[in-house]
Amino acid sequence: MPPQLTDIPPEPKTPEEEEVFKNLWSIRPCYLYNEEYDDCTSIRARFHQYFIHGDSIDCNQWKRDFDNCVRFERNPKDTKSALELIESEKARRTERLGAHYGNDVWKKRDRVPDDWAKPLPEKLQKEYENSYLELKARELRGEIEPSKDDGRTLCVIM
């Protein structure tokens, strides 16, 4: 596990510690970096990379991330390793969301539509009337007594 907020000093003393404290949420558990590296270097992944990209991709970033994570896990005051790891995660996130931010086909909303909570059409309301979802919603609102669930399942395999 990466260091938790309790492992970091409550009052960061340097700008680096402040940056680590703010972005600690983005650091994954160390074993995940190692799994990503193992997956990236596997025969199956190499075949997939060759098929998609025409060549093998460089997997060393996963190994560097794993090493930085282990160093940071052992010494939570090692802000250099943590910052390298955070920058790597930011770059990975930016690359993953690049197509989303580069999309100029759809206009992005800046607020919720005015009629977002309007009632369902009559046909859908009629289908919803006796559904399991409606029954559970009424139970949660307190309109009917909760069903007595004795732990049995209604799934039967014949």
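**Exercise 1. Decide whether Gln49 is buried or exposed, and describe its surroundings.**

Solution.
Step 1. Gln49 has a relative accessible area of 5%. The cut-off for a buried residue is under 20%, so Gln49 is buried. The structure is a predicted model, and this value is computed from it.

Step 2. Locate the residue in the secondary structure. Gln49 lies in helix H3, which spans residues 43-53.

Step 3. List what surrounds it. With neighbours within four places in sequence left aside, Gln49 contacts Cys40, Gly54, Asp55, Ser56, Ile57 and Cys59.

Step 4. Look for a polar partner of the side chain. The Gln49 side chain makes a polar contact with the side chain of Arg46, at 3.1 Å.

**Exercise 2. Describe how the axes of helix H1 and helix H5 cross, and which residues make the contact.**

Solution.
Step 1. Two packed helices are described by the angle between their axes and the distance between the axes.

Step 2. Apply this to the pair. The axes of H1 (residues 15-23) and H5 (residues 79-96) come within 10 Å, and they cross at roughly 50°.

Step 3. Classify the angle. Angles under 35 degrees count as roughly parallel, and 65 to 115 as roughly perpendicular. The angle of roughly 50° fits neither class, and H1 and H5 are therefore oblique to each other.

Step 4. Give the hand. H1 and H5 form a left-handed crossing.

Step 5. Name the residues. H1 contributes Glu16, Glu17, Glu19, Val20 and Asn23, while H5 contributes Thr79, Ala82, Leu83, Ile86 and Lys90.

Step 6. Sort them by character. Four of the residues in the contact of H1 with H5 are nonpolar, two are polar and four are charged.

**Exercise 3. State which residues of helix H8 are buried, and what covers them.**

Solution.
Step 1. Helix H8 covers residues 132-141, and its buried residues include Glu134, Ala137 and Glu139.

Step 2. Helix H7 (122-128) is included in what covers the buried residues of H8.

Step 3. Follow the chain past the helix. Gly142, just after H8, takes a positive phi of about 85°.

**Exercise 4. Summarise the chain: how many helices and strands are there, and what percentage of the residues is buried?**

Solution.
Step 1. The chain has eight helices and zero strands, which read along the sequence as α-α-α-α-α-α-α-α.

Step 2. Of the 158 residues in the chain, 23% are buried.

Step 3. Consider the contacts with a separation of 6 or more. Residues 24 or more positions apart account for 56% of these contacts.

Conventions: Residues numbered from 1 in each chain as written. Predicted model: local features only at pLDDT ≥ 70, side-chain atom pairs only at ≥ 80, totals over all residues. Heavy atoms only, no water. Axes fitted to C-alpha atoms, helices over the stretch in contact; angles between N-to-C directions. Helix = DSSP H or I, 4+ residues; strand = E, 2+ residues; numbered from the N terminus. Parallel < 35°, antiparallel > 145°, perpendicular 65-115°, else oblique. Left-handed = near helix turned anticlockwise from the far one by under 90°. Contact = heavy atoms within 4.5 Å. Nonpolar A, V, L, I, M, F, W, Y, C, P; charged D, E, K, R; others polar. Buried < 20%, exposed > 50% of the residue type's maximum accessible area, 1.4 Å probe, protein only. Polar contact = N/O pair within 3.5 Å; in protein donor to acceptor, adjacent residues only side chain to side chain.
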